[in-house]
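Welcome, and thanks for taking a look at this one with me. Below are some notes to read alongside the model, point by point.

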Amino acid sequence: MAVAAVTTEPLHKPLQKKRLPAGRPREWYVTHNRRLKAMRLAIVLLDSGVHQPSSASNARIRTTAELLGIHPPSDTTCRMVRALIRYGR
């Protein structure tokens, strides 16, 4: 019987970060970063077993952000997280 080895190494290489395009309105950058944050939080919540938007309260989302070392999300970002959980399946 084969036993799978346990490793703490990432399964893939992280993507290289690219600079954001210059010359866009400030609101574009704010929205872009908000979407990235919401996506990171939604992925972690889905991985932890939160599959219903009703289970993802603002408090739970903010606690998850704190565990990840991410600045606490705004109410708008929390709504985005729930939308990603609802429609991102």
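**Notes for a first look**

1. Let us begin with one residue. Ile43 has a relative accessibility of 46%, so Ile43 counts as partly exposed. Ile43 is part of helix α1. In sequence, Ile43 and Gly88 are 45 residues apart, while their C-alpha atoms are 9.9 Å apart in space. Please keep in mind that this is a predicted model.

2. Now the overall picture. The protein has three helices and zero strands, and its elements follow the order α-α-α from the N terminus. The protein has 89 residues, and 22% of them count as buried. About 7,400 Å² of the protein is exposed, with carbon and sulfur atoms supplying 57% of that area.

3. How do the contacts spread along the sequence? Take the contacts between residues at least 6 apart in sequence: 59% of these join residues at least 24 apart.

4. Helix α1 deserves some time. Helix α1 covers residues 26–47, which makes 22 residues. From its first C-alpha to its last, α1 reaches 32 Å, close to the 32 Å expected at 1.5 Å a residue. Just after α1 comes Gly49, with a positive phi of about 105 degrees.

5. Which residues of α1 are buried? They are Tyr29, Thr31, Lys37, Ala38, Leu41, Ala42 and Leu45. You may like to spot Lys37 among them in the viewer. As for what they meet, the buried residues of α1 pack against α2 and α3. It helps to recall that an α-helix has 3.6 residues a turn, so residues three or four places apart point the same way.

6. Next, a residue of helix α2. Leu68 lies in that helix, and its relative accessibility of 40% means that Leu68 counts as partly exposed. Leaving out residues up to four places away in sequence, Leu68 touches Leu41 and Val44. Leu41 is one of the buried residues of α1. Between Leu68 and Val44 there are 9.1 Å from C-alpha to C-alpha, although the two are 24 residues apart in sequence.

7. Then there is Thr77, which belongs to helix α3. Is Thr77 buried or exposed? Its relative accessibility is 3%, so Thr77 counts as buried, the cut-off being under 20%. Setting aside neighbours within four places in sequence, Thr77 is in contact with Arg34, Lys37 and Ala38. Lys37 and Ala38 also appear among the buried residues of α1.

8. On to charged side chains. Side chains of opposite charge can pair when their charged atoms come close. The structure holds one salt bridge. It is formed by Arg62 and Asp75, whose closest N and O atoms are 2.6 Å apart. Arg62 lies in helix α2 (residues 58–68) and Asp75 in helix α3 (residues 75–87), so the pair ties together parts that are 13 residues apart in sequence. Arg62 counts as partly exposed at 27% relative accessibility, and Asp75 counts as partly exposed at 41%.

9. Finally, the aromatic rings. How many aromatic pairs does a search of the whole structure find? The search finds one. The partners are Trp28 and Tyr29, arranged edge-to-face, with 5.1 Å from centre to centre and 90 degrees between the planes. Trp28 is partly exposed, its relative accessible area being 30%, whereas Tyr29 is listed among the buried residues of α1. Trp28 has a charged partner as well: the charged end of Arg24 sits over its ring, 4.5 Å from the ring centre.

Note on methods: Residues are numbered from 1 along each chain as its sequence is written. This is a predicted model: local features need pLDDT of at least 70, side-chain atom pairs count only at pLDDT 80 or more; totals for chains, interfaces and linings use all residues. Side-chain values use heavy atoms; hydrogens and water are left out. Helices (H or I, at least four residues) and strands (E, at least two) are DSSP runs, numbered from the N terminus. Buried means under 20% relative accessible area, exposed over 50%, partly exposed in between (1.4 Å probe, protein chains only). Contact means heavy atoms within 4.5 Å. Accessible areas come from the Shrake-Rupley method with a 1.4 Å probe; for residues, only the protein chains shown count as cover. A salt bridge is a side-chain nitrogen of Lys or Arg within 4 Å of a carboxyl oxygen of Asp or Glu. Rings of Phe, Tyr and Trp (its six-membered ring) pair if their centres lie within 6.5 Å; planes under 30 degrees apart count as stacked, over 60 as edge-to-face and the rest as tilted. A charge sits over a ring if NZ of Lys or CZ of Arg is within 6 Å of the ring centre and within 35 degrees of the ring normal. The expected span of a helix is 1.5 Å times one less than its number of residues.
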